[in-house]
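Student: I would like to learn how to read the pockets of a protein model. Could you walk me through this one?

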Amino acid sequence: QFEPFYQPKVDFNTGTICGAEALARWRHPVSGVIPPGAFISELEASGNIDVLTLDMLNKATRDCKKWIDQGLNVTVSINLSLAGLTDPYVVNTISAIVENNGLDTRYVTLEITETAAMTESATALEILARLRMRGFGLSVDDYGTGFSSLSQLTRVAFSELKIDQSFVRGSTTDPSLKTIVQSSIDMAKGLGLTSVAEGIEDQNEWDLLKELGCNIGQGYLISKPVPVNELIKLL
Ligand code: C2E
Ligand code: CA
Ligand code: CA
């Protein structure tokens, strides 16, 4: 009953959809579509989050392979919870799922929240390093809400920085939010990371982010997360 909904990511330079983030939805037979806020933390707390992660990875990479086969050059992003990743062997499991679906790992980005990414766990750091070596993209999600120092950020070979929506929204009217967004984009550029702004809801925010040199935008202005057949129409 779990399925990925997809929210498009748009390249500021070309204005085209360059990827989509898979966001879990529970299609409940009685209650309808249930958002992840209702089940992610429960799955993490009960030690069952890996089942969802691998299921989402399988479904999302299978979909992405279809888009590529149709000639669409789009990547897919999956949210990775580090809670259950306690064994480096999981890297083989993750790689095998993507390989079985016939998709090259360079089309897959794994998003890890800033709070989780700043782990001191040697195992988690090893898993992230191994995933990067296998060709996966690694993204710092919700950047700005955690407590990472700049040196911690470079400890893992991240490829993308996702500026949290709490800074994006309001950046057009609040000068300090604008400064935070600007310096995050500049830092990403300096570190050779792709910058992504999430939660763009109106044209003013879009124009500002573009002007500040952000690479990719995501938010309700473009589209809410939608079922796969609707994403194909958007593509
Ligand atoms: P996230 O990864 O930060 O995802 C972005 C959330 O912001 C999504 O909520 C998305 O629908 C919402 N959003 C995007 N654009 C806008 C906008 O313009 N305005 C507003 N107000 N909201 C916007 P969603 O789908 O409810 O997901 C919530 C969180 O649940 C995600 O935050 C992610 O941390 C978690 N999550 C979702 N799917 C998975 C999954 O498969 N595995 C894991 N571990 N976590 C997941
Ligand atoms: Ca995310
Ligand atoms: Ca986020």
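Student: How much space lies in the largest pocket?

Tutor: Rolling a probe the size of a water molecule over the atoms shows where empty space is left. Here, in a predicted model, the largest pocket holds about 880 Å³. A pocket is an open set of points on a 1 Å grid over the protein atoms alone, where a 1.4 Å probe fits, with protein on both sides within 12 Å along at least five of seven lines. Its volume is the space filled by probe spheres set on the points, which are joined across faces, edges and corners.

Student: Which residues are closest to the centre of the largest pocket?

Tutor: Glu 21, Leu 23, Pro 36, Asn 79 and Asp 141, out of 37 that line the largest pocket; a lining residue has an atom within 4 Å of a point. Residues are numbered from 1 along each chain as its sequence is written, and linings use all residues, whereas local features need pLDDT of at least 70.

Student: Which element supplies the largest share of that lining?

Tutor: Strand E2 (17–28), with five residues. Strands (E, at least two residues) are DSSP runs, numbered from the N terminus. By class, the lining has 16 nonpolar, 10 polar and 11 charged residues. Asp, Glu, Lys and Arg count as charged, Ala, Val, Leu, Ile, Met, Phe, Trp, Tyr, Cys and Pro as nonpolar, and the others as polar.

Student: What about the second largest pocket?

Tutor: That one has about 330 Å³ of space. Its lining has 17 residues, with Cys 18, Thr 75, Arg 106, Thr 109 and Ile 216 closest to the centre. E2 gives the most here too, with three residues.

Note on methods: Chains lettered and ligands numbered in written order. Predicted model: local features only at pLDDT ≥ 70, side-chain atom pairs only at ≥ 80, totals over all residues. Heavy atoms only, no water. Helix = DSSP H or I, 4+ residues; strand = E, 2+ residues; numbered from the N terminus.
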